[in-house]
Amino acid sequence: MKPAYSSHLSPLYSLVLALCLCLVALPSMAADKDEETSAIERGAYLMKIGDCVACHTAVGGRELTGGLPFETPFGPVYSTNITSDKDTGIGNYSYDDFYDAMHHGVGINGNLYPAMPYTSYSLLTDEDTRAIYAYLMSTKPIKQANLDNDVSFPFNLRFGLKGWNLIAHDAKVFKPNNAKSESWNRGNYLVNALGHCGECHTPRDTLYAMEPDKHFQGAIIEGLEASDITPSELNRQNWTHEDLNNLFTEGYSRKGTVFGGMYPVVYHSFSHLTDTDMLAVSRYLLDTDDNIEPQKLTFNGHNPKLPGYPLYKGYCAGCHGQNGEGRPNVAPAMAGNATLDKASPHNVVAVILKGIDSQHYNSTTSFYAMPGYAKELDEEQIKDLANYLRLTWSNQPANLDIKTIRNVKETVFSHN
Ligand code: HEC
Ligand code: HEC
Ligand code: HEC
């Protein structure tokens, strides 16, 4: 009698079975592959918006191999190699390890310093964290050992960061606000999770944690002020969706240019936003989906009697224009310039003192470098000039005194 079950299948039957299995397996394998490819592609985009390359690449170094120093109040901390190299990079990180690094600031070798903005990335969705992981694991492994940090005691004990995390880090999940549009919520996510804009624009408390109730109200960073970018302040300065779009794409707009720490953010990161995401960002920042009408740029007319008038004509008008109208490919307009129209005079004084290095904007526009005048002009002249600019081209009062100029000077030159 033939056994009901044979462990030896006939060769023909095996072939048919194998073919059938293949037909079932092939499409699903192809689908997996597609999914992986699209995750890697999405990861590449998200990495740009998260600005990972800018921080994880040393000047002149190879991409993602780390070694860029970050000044912290406790000493310099260096970014690390996050290529897929198993010895010196993160090739040995499982997805869960990576999730912990991104959301909780806990790496394979212990707690991470918050110079790595996990306090913002903790808002990333699981799906996006996975896409970034897929992308990083697809990178070429590059062997390059990490640098030792020079952080002073007791902050050199990574153990202490555990305590810091307990008090200062709240790994919140991103929650959409149902009263707002989908686009507004997308903007909120891009700005606060991936864009980590608050890391510069939100003031920090004595524990070096971002203060949630002062979200985006402005903070000093490397001698400049990462301005107040709350919706009420941006709306008061009459930023439109188009202005912000231009600022984040080109680095300049009707309202002026970006400089200092804001320039690399635009150049490496936000200029890569898709059009839909760009609009989402400005809808969130301006807290409206509605169109905003651009008002006429402010020019209150010259007052030749003021001591700032001859200073402006003598030192500045050659580049910024007799009436502050700016000159194409030389310098931006003073009329309507948001740097003058801020309640805080910090940046206008800082720029006059220190100048701005030459920056590239796009293929058709570049501006000159702006010289610094700390040596040429004394504090009295800088006060007169800054007052003149604010009175003439913004709605701010001419109320700066010598003490203000001195304070800004101190802050600007305590950072080189
Ligand atoms: C503002 C600068 C900055 C940005 C932006 C940044 N990182 Fe980091 N990252 C750091 C620093 C500094 C460290 C090292 C911290 C330490 O040693 O404690 C680090 C560490 C890490 C680690 C731990 C690696 C290890 O060596 O164990 C991972 C993973 C990581 N970053 C991934 C990312 C990803 C992904 C992005 C973009 C979404 C990103 N980082 C963006 C500064 C940054
Ligand atoms: C590394 C620090 C840093 C980060 C991160 C950063 N900014 Fe800024 N930002 C600055 C500084 C400094 C200024 C002031 C100089 C200037 O006006 O460009 C500024 C200015 C601005 C301005 C006002 C520009 C003007 O002309 O008045 C806007 C709007 C802005 N940032 C939005 C953002 C957004 C959105 C993000 C997140 C994608 C972001 N910033 C991230 C440092 C930063
Ligand atoms: C050689 C040309 C040149 C001269 C002279 C010059 N500037 Fe500028 N200025 C520039 C350029 C270029 C920028 C924009 C730089 C950038 O952001 O890339 C700028 C930016 C500024 C800004 C910031 C504006 C913004 O877009 O946010 C202020 C304020 C300013 N200048 C004031 C002055 C004053 C006051 C003087 C005279 C004491 C002066 N500048 C002289 C070229 C010049």
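The following conversation concerns the iron sites of a predicted model.

Colleague: What makes the arrangement around the iron atom of ligand 1 octahedral?

Modeller: Six donor atoms surround that iron atom, and they subtend angles of 87 to 179 degrees. Six donors count as octahedral if opposite donors are over 155 degrees apart and all others lie between 65 and 115. The arrangement around the iron atom of ligand 1 is therefore octahedral.

Colleague: Which protein atoms are donors of this iron atom?

Modeller: They are NE2 of H56 and SD of M116, lying 2.1 to 2.3 Å from the iron atom of ligand 1. A donor must be within 2.8 Å of the metal, so these distances qualify.

Colleague: Why is it said that H56 and M116 tie together parts of the chain?

Modeller: H56 lies in the loop between α2 and β1, whereas M116 lies in the loop between β4 and α4, so the pair joins parts that are 60 residues apart in sequence. Both H56 and M116 are buried.

Colleague: What else is known of the surroundings of ligand 1?

Modeller: There are 26 residues around ligand 1, and C52, C55, H56, Y93 and M116 come nearest. An oxygen atom of ligand 1 is 2.4 Å from an N or O atom in the side chain of Y93. Another contact places an oxygen atom of the ligand 2.7 Å from a polar backbone atom of Y113. Ligand 1 takes up the space of the second largest pocket.

Colleague: Why is H201 called buried, and M262 partly exposed?

Modeller: Buried means under 20% relative accessible area, and H201 has 10%, so H201 is buried. M262 has 24%, which falls between the limits of 20% and 50%, so M262 is partly exposed. These two residues coordinate the iron atom of ligand 2, through NE2 of H201 and SD of M262, at 2.0 to 2.2 Å. H201 belongs to helix α8 and M262 to helix α11, so the pair ties together parts that are 61 residues apart in sequence.

Colleague: How do you know that the site of the iron atom of ligand 3 is octahedral?

Modeller: The angles among its six donor atoms are 89 to 179 degrees, and the site is octahedral. H320 (NE2) and M370 (SD) coordinate this iron atom at 2.0 to 2.1 Å. H320 is in helix α13 and M370 in the loop between α14 and α15, 50 residues apart.

Colleague: What makes H320 count as buried?

Modeller: Its relative accessibility is 11%, under the limit of 20%, so H320 counts as buried. M370, at 24%, counts as partly exposed.

Key. Residues numbered from 1 in each chain as written. Chains lettered and ligands numbered in written order. Predicted model: local features only at pLDDT ≥ 70, side-chain atom pairs only at ≥ 80, totals over all residues. Heavy atoms only, no water. Donors = N, O, S within 2.8 Å, 3.2 Å for Na, K, Ca; no water. Helix = DSSP H or I, 4+ residues; strand = E, 2+ residues; numbered from the N terminus. Buried < 20%, exposed > 50% of the residue type's maximum accessible area, 1.4 Å probe, protein only. Near = heavy atom within 4 Å. Polar contact = N/O pair within 3.5 Å; in protein donor to acceptor, adjacent residues only side chain to side chain. 1 Å grid on protein atoms, 1.4 Å probe; cavity = no way out; pocket = protein on both sides within 12 Å on 5 of 7 lines; lining within 4 Å. Sits in = over half its atoms within 2 Å of the grid points. Tetrahedral: all angles 85-135°; square planar, octahedral: opposite > 155°, others 65-115°.
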